[in-house]
Protein chains: 2
Amino acid sequence: MGKLRFSITMSLDGFVAGPEQSVKNPLGVDGMRLHTWAFELAAWRRMHGLEGGETNPSSQVVEASLANVGAVVMGRNMFGGHPGPWGDGAWKGWWGEDPPFHAPVFVVTHHPRAPLAMQGGTTFTFVTAGIEAALELAVSAAAGRDVVLGGGASVVRQYLAAGLVDEVGVSLVPVLLGSGERLFEGLGEAGLTLEQVRAIEAPGVTHLGYRVVK
Amino acid sequence: MGKLRFSITMSLDGFVAGPEQSVKNPLGVDGMRLHTWAFELAAWRRMHGLEGGETNPSSQVVEASLANVGAVVMGRNMFGGHPGPWGDGAWKGWWGEDPPFHAPVFVVTHHPRAPLAMQGGTTFTFVTAGIEAALELAVSAAAGRDVVLGGGASVVRQYLAAGLVDEVGVSLVPVLLGSGERLFEGLGEAGLTLEQVRAIEAPGVTHLGYRVVK
């Protein structure tokens with residue numbers, strides 16, 4: 001069976017998004033500063049249908065995060081659009097007609113909606129029965145490969161607090177946002193034991209990998 | 001002229017001490033969990049007058065942090081004892097008669113007190129004129145060598161916010177404390193630009209080094 005894992009970029013002061021996240025500014029104020037390490041990578045550009053780009057120690061990290069992915073679980077805010085019921089269903093995610101997942105994606109939401117098949121093998125299935133139910137569907141769809149938490153921070157925190165995550169990937173960037181959404185908020189009571197398994201230094205970022213000891 | 005720098009151990013969720021710090025529990029609840037990576041190091045044991053211990057990639061980091069130190073600046077809580085006026089002056093710090101600094105130490109406090117000469121070259125000078133005044137005295141005493149911020153978090157934050165720090169060292173440990181004292185709290189407005197200069201993977205810790213771009 002595959003693992004449940006995630007990779008997320010975090011500022012040195014612990015934020016994975018800036019304040020005032022909105023449809024126009026999904027990463028919040030200054031949130032884009034977190035991700036500049038990735039934009040010039042060939043691996044990142046390829047994933048977004050762009051050519052060119054460079055190779056550096058971050059490349060293997062991005063490639064490993066994209067390998068062996070059988071399914072993706074994400075929260076409603078990550079899928080985006082607007083809060084509340086889905087309305088006319090016009091919102092199909094941030095990613096256009098050919099999203100970069102190429103796998104079944106399960107969106108945890110309070111609001112039911114019919115599944116959405118996109119180009120390139122991405123399907124969005126909307127799950128209203130909670131995080132365990134979404135994980136069960138994802139594990140089944142993944143057929144032995146890994147299930148990746150796509151974000152946002154809230155869904156990642158819920159899976160961490162429930163002790164369901166196997167591997168934690170944090171790409172730590174030398175940025176002090178000062179405010180926004182913290183990834184590891186309120187997890188002191190979760191009793192998680194993390195084992196450091198890697199630290200990869202790359203231009204403008206250090207990629208940290210941890211295993212959750214069960 | 002030397003640099004103003006500090007090295008501090010931080011949990012993955014951003015805390016440098018647990019909650020409920022007190023004289024009996026200076027690192028706060030569970031705060032000791034942050035420092036287990038250091039206790040078995042020969043370099044750490046030597047600093048505290050103990051023999052034996054091991055050598056691993058953390059050793060060079062500890063040794064570098066102890067090299068070329070001309071003076072130390074610390075806050076009142078780091079020096080410890082109790083809040084308010086010094087009273088009978090019986091409190092001489094946590095470290096006994098031969099503190100591990102072996103250098104002039106400047107304690108930033110609101111309460112005047114006569115200097116305190118200890119064994120082994122450590123002197124404590126109490127500075128009531130603020131962080132800039134303490135730094136000026138420390139730079140002068142250091143005579144070209146580095147000035148190290150000994151902590152705690154509050155004093156480190158004040159020097160960071162004032163743009164006076166040259167080098168930031170964070171030893172990041174795979175611990176989620178959940179609450180306590182955050183190192184990088186409220187520094188979003190300080191406008192600091194950090195450049196990552198090193199990431200050293202060691203057992204149970206990753207040592208991150210940043211330069212403050214001036």
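1. Two residues are taken to be in contact if their C-beta atoms, placed from the backbone, lie within 7 Å. On that basis, helix 3 (residues 57–66) of chain B lies across five strands of chain B, namely strand 1 (4–11), strand 3 (69–75), strand 8 (167–173), strand 10 and strand 11 (205–212). The helix runs at about 135° to strand 10 of chain B. The model under discussion is a predicted one.

2. A second helix should be read alongside it. Helix 5 (residues 131–142) of chain B also packs on the sheet, where it touches strand 1, strand 3, strand 4 (104–108), strand 6 and strand 7 (146–151) of chain B. The direction of helix 5 makes about 160° with that of strand 3 of chain B.

3. The sheet itself is open and consists of nine strands of chain B with mixed pairing, in the order 5-6-4-3-7-1-8-11-10. Strand 5 (116–117) and strand 10 (194–202) of chain B have a single partner strand each, so they stand at the edges and one side of each is left without a neighbour in the sheet.

4. At one of these edges, strand 5 of chain B pairs with strand 6 (residues 123–127) of chain B in the antiparallel sense, over two bridges. Leu116(B) has Phe124(B), in strand 6 of chain B, as its bridge partner.

5. The relation between the chains deserves a separate comment. A turn of 180° and a shift of 0.0 Å along the axis lay chain B on chain A with an RMSD of 0.0 Å. The two copies are therefore related as by a two-fold rotation axis. Gly14(B) is the residue of chain B that comes closest to this axis, with its C-alpha at 3.2 Å.

6. At the interface, 24 residues of chain B are in contact with 24 residues of chain A. Strand 10 and strand 11 of chain B each supply at least two residues of the side that touches chain A; the largest share, five residues, comes from strand 10 of chain B. By class, this side of chain B has 12 nonpolar, eight polar and four charged residues.

7. Finally, the nonpolar core. The largest one has 118 residues, and those with the most contacts inside it are Val73(A), Val107(A), Val73(B) and Val107(B). Which residues is Val107(A) in contact with, leaving aside its neighbours within four places in sequence? They are Met74(A), Arg76(A), Phe79(A), Phe124(A), Thr125(A), Phe126(A) and Val127(A). As a general point, nonpolar side chains tend to be buried together in soluble globular proteins.

Definitions and conventions: Residues numbered from 1 in each chain as written. Chains lettered and ligands numbered in written order. Predicted model: local features only at pLDDT ≥ 70, side-chain atom pairs only at ≥ 80, totals over all residues. Pairing = 2+ DSSP bridges. Helix = DSSP H or I, 4+ residues; strand = E, 2+ residues; numbered from the N terminus. Axes fitted to C-alpha atoms, helices over the stretch in contact; angles between N-to-C directions. Least-squares fit on C-alpha atoms with pLDDT ≥ 70 in both. Nonpolar A, V, L, I, M, F, W, Y, C, P; charged D, E, K, R; others polar. Core = buried A, V, L, I, M, F, W, Y, C linked by C-beta atoms within 7 Å. Buried ≥ 20, exposed ≤ 12 C-beta atoms within 10 Å, placed from the backbone.
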